[in-house]
Amino acid sequence: MIVIDSASPVPPFEQLRSQLARQIQDHTLPVGTRLPTIRHLAADLALAVNTVGRAYRELEEAGLIETRGRAGTYVAPTADHSRTKAQEAALTYAGLTTSLGIPPEEALRIVKAALTSLAPPPRPSPTR
């Protein structure tokens, strides 16, 4: 959620830029997330289109987002390579399980079981 404080001495474009950057870096907005259009976000936040455009330009210059022409603006894969690889692997897995006719719920259970099997065993509690 983006909140613009109109009473803040920080310019609105910087408030927007910094909040989006934080959400990208803490993965609230994962790689590949499509961002709202500039006009839509400007309308939602009651900001000028140029204000949102400037925030998007600065995020793009920082490599955090990328504009794909008419397809929209997305969180850039360069923002986090490990998550990009995980996302690619997930897409491959989703394609495989779909082609094998495995329902999504079962595919998710299989992944959860695999992740659980790789988790380190719990540490025994210290005895006194």
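User: Which residue just after H1 takes a positive phi?
Analyst: His27 does, with a phi of about 70°. Helices such as H1 are DSSP runs of H or I with at least four residues, strands are E runs of at least two, and both are numbered from the N terminus. This is a predicted model, in which local features need pLDDT of at least 70 and side-chain atom pairs count only at pLDDT 80 or more, while totals for chains, interfaces and linings use all residues. Residues are numbered from 1 along each chain as its sequence is written, and side-chain values use heavy atoms, with hydrogens and water left out.

User: Where is His27, and is His27 buried or partly exposed?
Analyst: His27 lies in the loop between H1 and S1. Its relative accessibility is 28%, so His27 counts as partly exposed; buried means under 20% relative accessible area, exposed over 50%, and partly exposed in between (1.4 Å probe, protein chains only).

User: Why remark on a positive phi?
Analyst: Because most residues other than glycine have a negative phi. His27 is not a glycine. Ala46, in the loop between H2 and H3, is not a glycine either and has a positive phi of about 55°. Ala46 is exposed, with a relative accessible area of 71%.

User: Back to H1: what span should its 14 residues have?
Analyst: Helix H1 covers residues 12–25 and should span 20 Å at 1.5 Å a residue; the expected span is 1.5 Å times one less than the number of residues. The end C-alpha atoms of H1 are 20 Å apart, which agrees.

User: What do the buried residues of H1 pack against?
Analyst: They pack against helices H2 (38–45) and H3 (49–61) and strands S2 (65–67) and S3 (73–75), where contact means heavy atoms within 4.5 Å. Among the buried residues of H1 are Phe13, Leu16, Leu20 and Ile24.

User: At what angle do H1 and H3 pack?
Analyst: The angle is about 45°, and the axes are 8 Å apart. Axes are lines fitted to C-alpha atoms, for helices over the stretch in contact, and angles run from 0 to 180 degrees between N-to-C directions. The contact involves, among others, Phe13, Leu16 and Leu20 of H1 and Val52, Ala55 and Leu59 of H3.

User: Switching to S3: what does Thr73 touch?
Analyst: Not counting residues up to four places away in sequence, Thr73 touches Thr33, Arg34, Leu35, Tyr56, Ile65, Glu66 and Thr67. Thr73, in strand S3, counts as buried at 10% relative accessibility.
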